[in-house]
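Please open the structure in your viewer and display it as a cartoon. The tour begins with the whole chain and then moves to a chosen element and its surroundings.

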Amino acid sequence: MAASPFAPQYVHGVYIPAALLIVGTAIVKKEWLPFAVALAAVLGGWKVYASGTRKVLKPDQYQEFELKEKTILSHNTAIYRFGLRKPTDVLGLPTGQHISLAHTFPGQPKETMRSYTPISSDETPGYFDLLIKSYPQGNISKHVASLMIGQSVRVRGPKGAMVYTPNMVRHLGMIAGGTGITPMLQIIRAIVRGRPRNGGNDTTKVDLLFANVSPEDILLKEDLDALAKEDDGFNVHYVLNNPPEKWDGYTGFVSADMIKEKLPAPAHDIKIVICGPPPMVSAMKKHTEGLGYKKARPVSKLEDQVFCF
């Protein structure tokens, strides 16, 4: 992700100031010109170094990042934007992996930790976005929801066995429930970004079954629909437990028939990835095994045909 040598920050922050310094010195006192050139080189080099992209995540150390923005999506769900220390910094999070948020609550001797997948990527330096739904019993989610702008969270990472790479499979089937959409969206965006039309080589086909209770619970629907419209290789199929009267999607819970109809059939070059509430993940493991996919392990490995986040 190195910036082009002709990027605006270099033109305005390095080349123009250096040229002004050298030309100005030549006009005032030519014998100082070698010193001016040396000074311009030192200052320019420092500017380039200081403005370079830096990966900030540390897997063995928590760091604090400040809440910059909060975008309310519903009564209990929001997108939280946390700033990095420099506008050119990135998390350095491989696609498919996640981070840990930690907090020590009063009266509790041990630190509480939960894992979240940013919906942003290293393509957008300077910040990262978390989509979080606050649950009545969710300690960390309620803590984040209570944060005021300017307050911080403690973050560590990267974590996780999934590291997506272009064309790792021919066809990727996804099953998500609720906020389980976050790792899926991260991977989908990376695939679409890496298409041949965008200068990449990723031809992976993607089908997503996204389950929710009601239409109001479908998180980031506009983003998903826009991606599906933009990319012929990505399809999203919505499933609602309580659908409205005029609903053309699936109704009820994700079933084996839905998986069989919309997701890739068992093969050596496909993968099924699952993320959602534990009861849903357990049911999907049984469905996929019953359909002939390789049995999901208790703890998923990257090479697994059925991978559970």
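Begin with the entire protein, which contains 7 helices and 14 strands. This is a predicted model. Of its 309 residues, 43% count as buried. With a surface displayed, the protein exposes about 16,600 Å², of which carbon and sulfur atoms supply 58%. Among contacts between residues at least 6 apart in sequence, 69% join residues at least 24 apart.

Next, select residues 181-193, which form helix 4. The end C-alpha atoms of this helix lie 18 Å apart; this agrees with the expected span, because 13 residues at 1.5 Å a residue should also cover 18 Å.

Now colour helix 4 by burial. Of its 13 residues, 11 are buried, and the helix is thus mostly covered. Among the buried residues are Ile 181, Met 184, Leu 185, Ile 188 and Val 192.

What covers the buried residues of helix 4? Add strand 7 (127-133), strand 9 (171-177), strand 10 (205-212), strand 11 (234-240) and strand 13 (270-275) to the selection, together with helix 5 (221-230); the cover includes each of these elements.

Finally, keep helix 4 and helix 5 alone. The two pack at an angle of about 30 degrees, and their axes are 11 Å apart. Helix 4 is therefore roughly parallel to helix 5, since angles under 35 degrees count as such. The crossing is left-handed. Show side chains at the contact: from helix 4, Ile 181, Leu 185, Ile 188, Arg 189 and Val 192 meet Asp 223, Leu 224, Leu 227 and Glu 230 of helix 5. In an α-helix, residues three or four places apart point the same way, because there are 3.6 residues a turn.

Notes:
Residues are numbered from 1 along each chain as its sequence is written. This is a predicted model: local features need pLDDT of at least 70, side-chain atom pairs count only at pLDDT 80 or more; totals for chains, interfaces and linings use all residues. Side-chain values use heavy atoms; hydrogens and water are left out. Helices (H or I, at least four residues) and strands (E, at least two) are DSSP runs, numbered from the N terminus. The expected span of a helix is 1.5 Å times one less than its number of residues. Buried means under 20% relative accessible area, exposed over 50%, partly exposed in between (1.4 Å probe, protein chains only). Contact means heavy atoms within 4.5 Å. Accessible areas come from the Shrake-Rupley method with a 1.4 Å probe; for residues, only the protein chains shown count as cover. Axes are lines fitted to C-alpha atoms, for helices over the stretch in contact, and angles run from 0 to 180 degrees between N-to-C directions. Angles under 35 degrees count as roughly parallel, over 145 as roughly antiparallel, 65 to 115 as roughly perpendicular and the rest as oblique. A crossing is left-handed if the near helix is turned anticlockwise from the far one by less than a right angle, and right-handed if clockwise.
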